[in-house]
Amino acid sequence: MSLAVRVRSAITAALDAMVRAGDLAADAVEGSTWVLERPKRPEHGDLATNVAMALAKRAGQPPRAIAEKLARALAESDVIAAAEVAGPGFVNLRLHPRVFQDEIQEVLRAGAGWGRAPAATGERIDLEFVSANPTGPVTVASGRNAVLGDAVGRLLEATGHRVTREYYINDRGNQVRKFAESVRAAATGKAPPEDGYKGAYVIELAGWLRGAEPALLDGDDVDALGRACVTWMLRGVPGSRTLPGIRPSLADLRVHFDVWFSEESLYRWGAVPAVMRQLEQGGHLLRKDGALFFQAPEGSVEDKDRVVRKSDGTWAYFASDVAYFADKIARGYDRLIAVLGADHHGYVARVRNALSALGLPPDRFEALLYQLVFITKGGEAVKSSKRAGNFVTIDEVMDEIDEAAGRKGAGADALRFFFLSRSANSNVEFDIELAKKKSLDNPVFYVQYGYARLCSIHRKARTIGLVAPARAGLSGTDLAKLVHPDELAIAHKLADFPELVAEAAKLREPHRIVFYIQELARDFQSYFTRLKGAGDPILPRDSARAVPGWEATWDLDKTHARLAWIEAIRLTYAQALALVGISGPERMDRPAEESPEGAEDTGAESDA
RNA sequence: GCGCCCGUAGCUCAGCUGGAUAGAGCAAUGGCCUUCGAAGCCAUGGGUCGUCCGUUCGAAUCGGACCGGGCGUACCA
């Protein structure tokens, strides 16, 4: 049983006892809502409750009077060591160390399942994210979408939902046509068309298609060429750094999809006209100025009429979107989540209205909006545009950081941490120069270093013949040896983890996990360093072990208890990192120091 | 104009389903490595929580008005 549940039931039992003793009216307790919270200040106890204040009105007693009686009644409990009344009527609780020690056992018993709900007990969720136009590489701006969507997916899975990760490929329409025309122009050495794509990758793609798809390049089927371009954009050009491919780039970020859904396929299967016919039969389409509009349903204040077929006879993107969402619902999901930049927020009402018009449940659609990423360079705003070809790709950022850290994947870790360490509601400024220059200052490395150190303690323990009891079961380990206040406090923090995961998943807020990891890392590092200063090492030092008969004076039980505790921390840490897709390295070597400027450098000035 | 998001320390951000003396990282200053990992630890300084009004025993948190910023309000996607 979890710590919070144990404490809550102790309070409930005490309230019941008060009712039986006539100290409290039964109907005051019935249906009341009160909270158990972590006080900010340690003097206020391990936990505190506002129950006395919450009951005061209905009980017809002053909060402090109820609190006093509750504190006395709690004295009977075996989980609460002390209860005292404070302030306007808070009851501050101090728990028996045993409660925290038991929690270590809970963590170890749960193992890799710690913090996770049983699988496949929740909803079937379709999670659509990224879905960036396949007319350019993955930019840092899309990276935020990718990382957020992926982390939310991990959270949803951890809380028992079945998640399909989906990328909607806009592989038709104006943008793709323009892209194809730009590639064709580049292949023949011509200037790109007006509003065409100008990046270096366009030229690279053209060169590649010259070998791979010459017939398409020279033919006159722009749509077919467009599809080929999209295919190669997704897949990447072998060996190219300019065109690594959307799919491999995302894979480097540890973002994977179950479904790559083609917009064009909705037309190929006739889904768009079918859905439009249905809307028309329902009287939701309106002809105006030679175009066809979707009429927002009566009473929907949110949105106005939207074009579905332009006056030139082509379908607008909104037509395929309606068909797409209808298709998703037909696939039987309980919930459709789309991760969207804030610039798409108007889209939410549009999709909901269309679903209602089709007689489908609009509430199944949920938008997860995040604020936009502003790219700057040395503080100056950079206008990012795929068409103009000036953008920052996640690959260049990841490569740069990988190199600085001397470890493949460090860039993905840093990027993920950067985007996930703030709420989706806050704007992000991404400074290219800063990101590259200070890449090793990213707090993710602090967090990872903390993980590596936990692992290192286990390694060291093994070399002197000690094995964390956790790994072989806890039998014989006396967790009562964990008495250091920090050890109990950290155990308490571990106890918070499952509830935190549930909360973060419910709110779709992975940044909560990131903050938790940082706190856990800090708490342990602080404890560890201070323990060293206090001359109370976890493991016997080499010099101590050199003395014959050292075992007689060493408290081996305490060491075992601490190793079990460390394993519980490591496990929680690993689970938390996995939830946000950040790697937990077992070792981390400090990257080679840059040689001090000019130290050995008697040669020419650089960049003269 | 209307709609959504934001305004918290010098900077970047947590905290916002109401709780006690508002937190972290970076930056600044001063300490701490002869053995378990110093990418660290400890300490100090730094805040009218945009402004005003309201609700409440209690407001950074809820409501209203205003100020400032971002985004949207396309026959672009």
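Me: What makes a residue count as near RNA strand B in this predicted model?
Reply: A residue is near a strand if one of its heavy atoms lies within 4 Å of it, and 68 residues surround RNA strand B, the closest being Tyr 317, His 345, Arg 453, Glu 503 and Met 588. Residues are numbered from 1 along each chain as its sequence is written, while chains are lettered from A in the order in which they are written. Because the model is predicted, local features need pLDDT of at least 70 and side-chain atom pairs count only at pLDDT 80 or more, whereas totals for chains, interfaces and linings use all residues, and side-chain values use heavy atoms, leaving out hydrogens and water.

Me: Why is the pair formed by Arg 522 and RNA strand B called a polar contact?
Reply: A polar contact is a pair of N or O atoms within 3.5 Å (within protein, one must be able to donate a hydrogen and the other to accept it, and residues adjacent in sequence count only if both atoms are side-chain atoms). A polar side-chain atom of Arg 522 lies 2.8 Å from a sugar or linking oxygen of the RNA, so the pair meets the cut-off.

Me: Why is Cys 229 called buried?
Reply: Buried means under 20% relative accessible area, exposed over 50%, and partly exposed in between (1.4 Å probe, protein chains only); Cys 229 has 0% relative accessibility and therefore counts as buried, and Cys 455, at 6%, counts as buried too.

Me: How many disulfides does a search of the whole structure find?
Reply: The search finds zero, where a disulfide means a pair of cysteine sulfur atoms within 2.5 Å.
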